[in-house]
Structure formats: structure tokens, C-alpha cells
Amino acid sequence: MGIKNSKMKKIISVIAIVVSCTSFTTFQNNVYVCKGPYSKVFHKSDHCRGLSHCSTEIYSISIKEAEQMGRRPCRIDY
Ligand SMILES: [Zn+2]
């Protein structure tokens, strides 16, 4: 019985690690950009100060897309 319980605990902790890694990856891969003419960066958060002056909608895109657009990480939130 004792062996079974410790095995179960191990499985649960593995699942927890996988879930937290997955959400971390999703968070890392999504960035926010403004599509205004002076926007050259991407932001980690859509509440960033750098986005408060945005004249267009704020778009959530992947970090790869942002890099393809020639965007650099925002200095405020990176
Ligand atoms: Zn920012």
C-alpha cells in the first residue's frame, strides 16, 4: 500500500510539472503588439505602459510572428 501511494504521488507531481511547463510555454510564446506606425516592439503584457498610447487595437500574436515583423522586445516589460 505504501509503495502504491508513493508511486501515485510521483505521477501527480510529474503531471503538475508538465501542466506548469505547458502554461509557461504558452505564456512565453504570446506577445502583444500595437500596429500603429511608430510601434517597433512587442510586449509581454497587454497592460504594459508602452501600450497605453497605442492608437490601434492591441493584437496578441506569437513571438515568432513578432520577430518576423522586425519587432524587438519592449524595454519596459523585458
Ligand atoms: Zn511593453
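## Elements of the fold

Helices, of at least four residues, and strands, of at least two, are runs assigned by DSSP and numbered from the N terminus. In this predicted model, the protein has 2 helices and 4 strands, and their order, starting at the N terminus, is α-β-β-β-α-β.

The protein has 78 residues, of which 14% count as buried. When contacts between residues at least 6 apart in sequence are considered, 64% of them join residues at least 24 apart.

## Strand 1 and its partner

Strand 1 (30-34) has 5 residues, and because 4 of these are buried, the strand is largely enclosed by the rest of the structure. It is joined to strand 3 (58-62) by 5 bridges, and the two strands run antiparallel. One residue of this pairing is Val-31, whose bridge partner in strand 3 is Ile-61.

Cys-34 also belongs to strand 1. Is Cys-34 buried or exposed? A residue counts as buried if 20 or more other C-beta atoms lie within 10 Å of its own, and Cys-34 has 24 C-beta neighbours inside 10 Å, so it counts as buried. Setting aside residues up to four places away in sequence, Cys-34 touches Ser-39, Leu-51, Cys-54, Thr-56 and Ile-58. For one of these, Cys-54, the separation from Cys-34 is 20 residues in sequence, while the C-alpha atoms of the two are 5.9 Å apart in space.

## The nonpolar core

In soluble globular proteins, nonpolar side chains tend to be buried together. Here the largest nonpolar core has 9 residues, namely Val-31, Tyr-32, Val-33, Cys-34, Val-41, Phe-42, Leu-51, Ala-66 and Cys-74. Strand 1 and strand 2 each supply at least two residues of this core, and strand 1 gives the most, with 4 residues.

Which residues does Cys-74, a member of this core, contact beyond its neighbours within four places in sequence? Cys-74 is in contact with Val-41, Phe-42, His-43, Lys-44, Cys-48 and Gly-50, and of these Val-41 and Phe-42 are themselves listed in the core.

## The loop between strands 2 and 3

Strand 2 (41-42) and strand 3 (58-62) are linked by a loop that holds Cys-48, and His-53 is found in this loop as well. Cys-48 has 19 other C-beta atoms within 10 Å, and is therefore partly exposed, since a residue needs 20 or more to be buried and counts as exposed with 12 or fewer. His-53, by contrast, has 10 other C-beta atoms within 10 Å, so it is exposed.

Not counting residues up to four places away in sequence, Cys-48 touches His-43, Cys-74, Ile-76 and Asp-77. How far apart are the C-alpha atoms of Cys-48 and Asp-77? They are separated by 6.8 Å, although the two residues are 29 residues apart along the chain. For His-53, the C-alpha atom is separated from that of Gly-36 by 9.5 Å, and these two residues are 17 residues apart along the chain.

Notes: Residues are numbered from 1 along each chain as its sequence is written. This is a predicted model: local features need pLDDT of at least 70, side-chain atom pairs count only at pLDDT 80 or more; totals for chains, interfaces and linings use all residues. Two residues are in contact if their C-beta atoms, placed from the backbone, lie within 7 Å. A nonpolar core is a set of buried Ala, Val, Leu, Ile, Met, Phe, Trp, Tyr and Cys residues joined through C-beta atoms within 7 Å. Two strands pair if DSSP finds at least two bridges between them.
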